[in-house]
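Please look over the sequence and the model shown below before reading on. The paragraphs that follow lead from one residue to the overall fold and then to its charged side chains.

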Amino acid sequence: MVVILMERVSSSARGELSRWLVEVKSGVFVGRISAVVREKLWERICVPAGGGATLIYTTNTEQGFAVKTNGKSRYRIVDLEGVFLAEAP
């Protein structure tokens, strides 16, 4: 399972994601894609400036998922000894 949160990005960036994932709410994309597709999409998302993106995907960790962030976001994700926490500004 993959969840991508997009903040303050262009409609073309959102359109790119909608080819592979379902936009369940404005800027929130969910789907089931391979790791290769996930990484290629992440590379494409990270290029546009000005906005922010958060990628959450299932993996073999204590919490069962991993988090990647890029750009400006409302919250900062902190890795505290393998546990991800959201920190408010």
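**A walk through the model**

Setting aside residues up to four places away in sequence, tyrosine 75 touches Glu87 and Ala88. This contact, like everything described here, is read from a predicted model. Tyrosine 75 lies in the loop between β5 (65-71) and β6 (76-80), and with a relative accessible area of 46% tyrosine 75 is partly exposed, because that value falls between the 20% under which a residue counts as buried and the 50% over which a residue counts as exposed. Tyrosine 75 and glutamine 63 are 12 residues apart in sequence, and their C-alpha atoms are 19 Å apart in space.

The wider setting of that loop is a protein chain with 2 helices and 7 strands, which follow one another from the N terminus in the order β-α-β-β-α-β-β-β-β. The radius of gyration of the protein chain is 13 Å, close to the 12 Å that the globule rule gives for 89 residues, so the chain is as compact as a globular protein of that length. Along its principal axes, the C-alpha trace of the protein chain spans about 35 × 30 × 20 Å. Of the contacts between residues at least 6 apart in sequence, 38% join residues that are at least 24 apart. Buried residues make up 27% of the 89 residues in the protein chain, while the accessible surface comes to about 5,900 Å², with 54% of that area belonging to carbon and sulfur atoms.

Is glutamate 7 buried or exposed? Glutamate 7 has a relative accessibility of 17%, and since the cut-off for burial is under 20%, glutamate 7 counts as buried. Its place is in strand β1, which covers residues 2-7, and, leaving aside neighbours within four places in sequence, glutamate 7 is in contact with Gly51, Gly52, Ser73 and Arg74.

The charged groups can also be viewed over the whole protein chain, which carries 12 positive and 9 negative charges whose mean positions are 8 Å apart. Side chains of opposite charge can pair when their charged atoms come close. In this model the count comes to 6 salt bridges, and one of them joins the side chains of glutamate 23 and arginine 14 at 2.6 Å, N to O. Both partners of that pair are partly exposed: glutamate 23 has a relative accessible area of 31%, and arginine 14 has a relative accessibility of 28%.

Which residues are linked in a network of salt bridges? Glu16, Arg19 and Arg44 form such a network, in which glutamate 16 meets arginine 19 at 3.5 Å, N to O, and also meets arginine 44 at 3.4 Å, N to O. The pair of arginine 44 and glutamate 16 links distant parts of the chain, with arginine 44 in helix α2 (residues 35-46) and glutamate 16 in helix α1 (residues 11-18), 28 residues apart. The accessibilities within this network can be set side by side: glutamate 16 is buried, with a relative accessible area of 16%, whereas arginine 19 is exposed at 63% and arginine 44 is exposed at 53%. The two arginines therefore count as exposed by the cut-off of over 50%, and the glutamate they share counts as buried by the cut-off of under 20%.

Conventions:
Residues numbered from 1 in each chain as written. Predicted model: local features only at pLDDT ≥ 70, side-chain atom pairs only at ≥ 80, totals over all residues. Heavy atoms only, no water. Helix = DSSP H or I, 4+ residues; strand = E, 2+ residues; numbered from the N terminus. Rg over C-alpha atoms; globule rule 2.2 N^0.38 Å. Buried < 20%, exposed > 50% of the residue type's maximum accessible area, 1.4 Å probe, protein only. Contact = heavy atoms within 4.5 Å. Areas by Shrake-Rupley, 256 points an atom, 1.4 Å probe, with all protein chains shown as cover. Lys, Arg positive; Asp, Glu negative; His and termini not counted. Charge placed at Lys NZ, Arg CZ, Asp CG, Glu CD. Salt bridge = Lys/Arg side-chain N within 4 Å of Asp/Glu carboxyl O.
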